[in-house]
Amino acid sequence: VQLQASGGGLVQAGGSLRLSCATSERTFNSYSKAWFRQAPGKEREFVAGISWNGGNTYYSDPVLSRFTISRDNEKDTVYLQMNSLRPEDTAVYYCAVDFRGYHSDVVRSRPGEYEYWGQGTQVTVSS
């Protein structure tokens, strides 16, 4: 079972990227998912999360109004649309699954509350 993140790259400040996180496990569609990021020398931090059916989303303050999280359970994929990118958005971005709430509307924000992680994708924003 894998969470495959993709879509990272190098972009100039003000640009956009869309990250995708696909899974081979359809049962993951029944749980909340989230994006986290980790910059060099920093702790992993919450970026955005979405409930199992997309009905509830939650964003960290630094990305609010610039990033949008969405999911397509038919495609077993969660997305992160990132607009107006800034150099401080540079990090490795990870997707994760929260197995605590089956069909729950709760979106958690602490890394320790997510049990399954994918490999990361690098996002680099140049000034």
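Helices (H or I, at least four residues) and strands (E, at least two) are DSSP runs, numbered from the N terminus. This is a predicted model, where local features need pLDDT of at least 70, side-chain atom pairs count only at pLDDT 80 or more, and totals for chains, interfaces and linings use all residues. Residues are numbered from 1 along each chain as its sequence is written, and side-chain values use heavy atoms, with hydrogens and water left out.

**Exercise 1. Work out how many helices and strands the protein chain has, and how its radius of gyration sits against the globule rule.**

Step 1: count the elements. You get 0 helices and 11 strands.

Step 2: turn to the radius of gyration (taken over C-alpha atoms; the globule rule is 2.2 Å times the number of residues to the power 0.38). With 11 strands in hand, the chain comes out at 13 Å, close to the 14 Å the rule gives for 127 residues, so it is as compact as a globular protein of that length.

Step 3: check the box. The C-alpha atoms fill roughly 40 × 25 × 25 Å along the principal axes.

**Exercise 2. Place V11: which strand holds it, is it buried or exposed, and what does it touch?**

Step 1: V11 belongs to strand β2, residues 9-12.

Step 2: apply the accessibility cut-offs (buried is under 20% relative accessible area, exposed over 50%, partly exposed in between; 1.4 Å probe, protein chains only). V11 has 13% relative accessibility, so it counts as buried.

Step 3: list contacts (heavy atoms within 4.5 Å). Leaving out residues up to four places away in sequence, V11 touches S16, L17, L85, T124, V125 and S126.

Step 4: take S126 from that list. Its C-alpha atom is 6.3 Å from that of V11, although the two are 115 residues apart along the chain.

**Exercise 3. Find which arginines form salt bridges with D89, and what each pair ties together.**

Step 1: fix the criterion: a side-chain nitrogen of Lys or Arg within 4 Å of a carboxyl oxygen of Asp or Glu. The whole structure has 7 such bridges.

Step 2: D89 pairs with R37, closest N and O atoms 2.9 Å apart. D89 lies in the loop between β8 (77-82) and β9 (91-98) and R37 in β4 (residues 32-38), so the pair ties together parts 52 residues apart in sequence.

Step 3: D89 also pairs with R66, at 2.8 Å. R66 lies in the loop between β6 (57-59) and β7 (67-72), so this pair ties together parts 23 residues apart in sequence.

Step 4: check burial. D89 is buried at 0% relative accessibility, R37 at 5% and R66 at 6%.
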